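Trainee: Before we go through the fold, I would like to understand how each descriptive term is earned.
Mentor: Then let us take the terms one at a time and set each against its criterion.

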Amino acid sequence: MAIVNNQLPTGEPSKIFGRGPVKVSSVGTFPNHRRSSTRKSPPGMPELPDIVVYLDALEERIAGTELESVSIASPFLLRTFDPPLEATFGRSVTELKRLGKRIAIGLDGELWLVLHLMIAGRLNWKPTGAKLSGKVGQALFRFSTGSLILTEAGSKKRASLSVVRSEDLLDHDPGGIDVLVCSVEEFREALTLTNRTLKRQLTNPRLFSGIGNAFSDEILHRARLSPISQTQKLSDDEVHSLFAATRDVLQEWITRLQNQRKANFPGRVTAFRPEMAVHGKYGQPCPVCGKPVQRIVYAENETNYCAQCQTGGRVLADRSLSRLLKQDWPRRIEDWEEAD
Ligand SMILES: [Zn+2]
């Protein structure tokens with residue numbers, strides 16, 4: 001999937017981005033050499049704040065209601081066969097849970113529906129009687145209070161639905177710690193378990209729950225740490241600052257998204273939001289120092305950072321970086337989700 005579509009202001013495609021998996025680029029002093037990113041961005045995988053807000057909206061609409069039936073557009077969406085999907089029909093919703101970036105809907109009779117939206121999957125709420133239609137409609141869950149529709153844009157269908165017994169539910173949790181409730185010691189233990197780059201470690205779902213490409217950029221910017229710093233080389237102060245930044249950024253975004261949706265079902269869920277400091281802001285001024293936001297484009301991923309705030313003014317662009325990323329960073333966006 002070609003997601004890098006760099007167009008420089010002249011309209012000429014950038015030649016430096018065409019070779020090899022590692023592509024780095026820098027921008028000059030803002031605003032004289034401003035180059036905004038015009039690549040066509042995928043919407044980004046919903047991360048912890050997005051999932052928390054989806055769950056809140058679902059709680060208001062389906063807690064205690066009956067799941068009447070489910071229709072799916074393609075059998076590929078359903079990744080389990082036992083218990084069958086029909087076993088969930090006519091059951092009441094008892095609980096809603098976040099498992100990493102997955103949404104789990106608990107039903108009486110110890111059954112769960114587990115939804116993984118992946119990159120392009122989104123949820124919509126419609127009145128009772130809604131139909132599953134169009135190329136993007138993937139699943140329709142009919143509750144007594146209305147219809148929950150799973151859509152997935154694009155030709156790559158990666159979103160998934162699983163029907164799971166309670167005793168098997170944890171198999172669907174990647175196992176990362178919940179950074180909103182863990183202690184700094186638990187955070188440090190997960191962070192330093194292996195010596196990887198900060199970007200890679202923070203987005204490892206087996207270590208930290210719900211943090212992906214967008215919020216890791218925002219967290220590292222808040223902590224003023226480089227995305228390629230090595231986890232086992234951080235000072236005690238840096239670990240504390242990263243811990244605080246992680247909690248603050250995620251909590252602030254949960255509050256912001258909750259305020260934005262008001263009582264509505266979350267509408268435009270995207271990893272590219274105007275209030276973000278650096279993620280998706282290549283070439284735009286850093287809100288802290290005003291210098292242009294930089295990027296590392298590696299295979300399908302773009303990482304954004306501020307050189308002034310995070311890397312001592314150094315733009316990350318040399319051969320050693322290429323080698324480091326090759327060893328440490330997955331190539332495909334979905335592989336960040338499955339990284340170990
Ligand atoms: Zn800055």
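Trainee: How do you know that strand β7 and β8 pair, and in which sense do they run?
Mentor: In this predicted model, strand β7 (residues 137-143) and β8 are joined over 6 bridges in the antiparallel sense; because pairing asks for at least two bridges, the two strands count as paired. One of the positions involved is Ala-139, whose bridge partner in β8 is Leu-150, and a hairpin through 2 residues joins β7 to β8.

Trainee: What makes strand β6 a partner of strand β8?
Mentor: The same reasoning applies, since strand β6 (residues 121-126) and strand β8 (residues 146-152) run antiparallel and are joined by 6 bridges, against a requirement of at least two. Within this pairing, Trp-125 stands opposite Leu-148 in β8.

Trainee: Why are α2 and α5 called roughly perpendicular?
Mentor: Helix α2 (residues 184-191) and helix α5 (residues 236-261) pack at about 105°, with their axes 10 Å apart; angles of 65 to 115 degrees count as roughly perpendicular, and therefore the term fits α2 and α5.

Trainee: Which residues make that contact, and how do they divide by character?
Mentor: Val-184, Phe-187, Arg-188 and Leu-191 come from α2, while Val-239, His-240 and Phe-243 come from α5, and the residues of this contact divide into 5 nonpolar, 1 polar and 1 charged.

Trainee: What share of the protein counts as buried?
Mentor: Of its 340 residues, 41% count as buried, a term that requires 20 or more other C-beta atoms within 10 Å of a residue's own.

Note on methods
Residues are numbered from 1 along each chain as its sequence is written. This is a predicted model: local features need pLDDT of at least 70, side-chain atom pairs count only at pLDDT 80 or more; totals for chains, interfaces and linings use all residues. Axes are lines fitted to C-alpha atoms, for helices over the stretch in contact, and angles run from 0 to 180 degrees between N-to-C directions. Helices (H or I, at least four residues) and strands (E, at least two) are DSSP runs, numbered from the N terminus. Angles under 35 degrees count as roughly parallel, over 145 as roughly antiparallel, 65 to 115 as roughly perpendicular and the rest as oblique. Two residues are in contact if their C-beta atoms, placed from the backbone, lie within 7 Å. Ala, Val, Leu, Ile, Met, Phe, Trp, Tyr, Cys and Pro count as nonpolar, Asp, Glu, Lys and Arg as charged, and the others, Gly among them, as polar. A residue is buried if 20 or more other C-beta atoms lie within 10 Å of its own, exposed if 12 or fewer, and partly exposed in between; C-beta atoms are placed from the backbone.
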